[in-house]
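I sat down with this one and a fresh notebook page. My plan was to look up a handful of things and write each down as I went.

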Amino acid sequence: MSMENLDRQPVEPIAEPDLVNAPPLLEPHQKLPFGRLAVPLFIQSLLIASIAAQSIYALATGTTVVLKTMPVDPYDLLRGYYQILSYDISSFNNLKKLPGWENLKRQKGSANLDRNQQVYVTLLKTAPNATTPQAWKPVAIDANLPPNLSADKIAIRGVSDGSNIIYGLETYYMPEDRKDGVNTDISSTRSGNRNLLVEVKVDNRGLATPVSLWVGDKQYRF
């Protein structure tokens, strides 16, 4: 075939894709399996419910205990306005003085507790004064929940992070309408003129839930 005949051959146009009538990438009935969404949500709901249930149980049945604390970090732009609190019974230096410390499982060659080591600190109630409660006194530490404690004692459960004991009471979120006043009051405790105390409820398993914050003679409810 000559080049002249080739030039005369009709050229068929290339069909453009029908975007309007094209089949969908996913058929209407092809949805994500329900279980993929439901199971994680269900597990998350159970975790939230269990935490709430623990708090409700502690508030309803627990013993009121007062702990001495101090502020660590007053402000965090990422999480909002709150105080990070550190307790006297969080410090290894304080707990080392208690009966039972030497019996706890420790890292070889270390004077501190293993990370994730669970402990129970026994607290002794102290008599309140006329205006404010008084912090309970730590009197013993153990790896297990002590049985048959007297009515003036309670055991609170904590977990070692390798340098301190964490009780789940370390964060106090300030009421939005009172944050400036609360922070001013808390800042005044740094000079040593006023006590900073946290009132908690401790249930019979040693789990604690915060109830209120005492700054001197002022009480702020959680």
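Here are my entries, starting with confidence and ending with single residues.

**Entry: how far to trust the model**

I began with confidence, since this is a predicted model. The mean pLDDT of the protein came out at 75, with 62% of its residues at 70 or more. Then I asked myself where confidence is lowest and where it is highest. The low end is helix α1, residues 3-8, with a mean of 50. The high end is strand β3, residues 118-124, with a mean of 97.

I also noted residues 46-52, where the pLDDT is below 50. Apart from near neighbours in sequence, that stretch makes zero contacts in the model. A reminder to myself: predicted coordinates should not be read in detail where pLDDT is low.

**Entry: the overall layout**

Next I looked up the secondary structure and found four helices and ten strands. Along the sequence they run α-α-β-β-α-β-β-β-β-β-α-β-β-β. The protein has 222 residues, and 29% of them count as buried.

I checked how far along the chain the contacts reach. Among contacts with a separation of 6 or more, 59% join residues 24 or more positions apart. For the surface, I got an accessible area of about 14700 Å². Carbon and sulfur atoms hold 56% of that area.

**Entry: V119 and T122 in strand β3**

I went to strand β3 next and picked two of its residues, V119 and T122. Are they buried or exposed? V119 has a relative accessible area of 0%, so I wrote it down as buried. T122 has 6% relative accessibility and therefore counts as buried too.

Then I listed their partners, leaving out residues up to four places away in sequence. V119 touches L104, L113, I141, D142, I156, R157, G158 and I165. T122 is in contact with K137, P138, V139, A140, P146, L149, K153, I154 and A155. I added one distance for V119: its C-alpha lies 7.7 Å from that of S160, although the two are 41 residues apart in sequence.

**Entry: E170, a buried glutamate**

I found E170 in the loop between β6 (165-166) and β7 (171-173). Its relative accessible area is 14%, which is under the 20% cut-off, so E170 counts as buried. What does its side chain lie beside? A polar atom of the E170 side chain sits 2.9 Å from the backbone nitrogen of Y167. Beyond its neighbours within four places in sequence, E170 is in contact with Q83, I84, L85, Y87 and I165. I noticed that I165 turned up in the list for V119 as well.

**Entry: V182 and L213**

I took these two together. V182 is in helix α4, residues 179-188, and L213 is in strand β9, residues 208-215. V182 is buried, with a relative accessible area of 0%. L213 is also buried, at 0% relative accessibility.

How far apart are they in space? Their C-alpha atoms are 9.8 Å apart, with their positions 31 residues apart in sequence. I looked up V215 as well: its C-alpha is 8.3 Å from that of V182, at 33 residues along the chain.

For contacts I again set aside residues up to four places away in sequence. V182 touches Y172, M174 and Y220. The partners of L213 include L85, Y172, I186, L196, L197 and V198. K218, Q219, Y220 and F222 are also among the residues L213 touches. So that I would not lose it, I underlined that Y172 and Y220 appear for V182 and again for L213.

**Entry: special pairs**

Last, I searched for pairs by type. How many aromatic pairs does the structure hold? I found one. F92 and W101 form it, edge-to-face, at 5.6 Å centre to centre with 65° between the planes. Both F92 and W101 are buried.

Side chains of opposite charge can pair when their charged atoms come close. My search of the whole structure gave one salt bridge. The side chains of D203 and R205 make it, at 2.8 Å from N to O. D203 counts as buried at 2% relative accessibility, whereas R205 is partly exposed at 35%.

Methods:
Residues are numbered from 1 along each chain as its sequence is written. This is a predicted model: local features need pLDDT of at least 70, side-chain atom pairs count only at pLDDT 80 or more; totals for chains, interfaces and linings use all residues. Side-chain values use heavy atoms; hydrogens and water are left out. pLDDT is the predictor's confidence in each residue, from 0 to 100. Contact means heavy atoms within 4.5 Å. Buried means under 20% relative accessible area, exposed over 50%, partly exposed in between (1.4 Å probe, protein chains only). Accessible areas come from the Shrake-Rupley method with a 1.4 Å probe; for residues, only the protein chains shown count as cover. Rings of Phe, Tyr and Trp (its six-membered ring) pair if their centres lie within 6.5 Å; planes under 30 degrees apart count as stacked, over 60 as edge-to-face and the rest as tilted. A polar contact is a pair of N or O atoms within 3.5 Å; within protein, one must be able to donate a hydrogen and the other to accept it, and residues adjacent in sequence count only if both atoms are side-chain atoms. A salt bridge is a side-chain nitrogen of Lys or Arg within 4 Å of a carboxyl oxygen of Asp or Glu.
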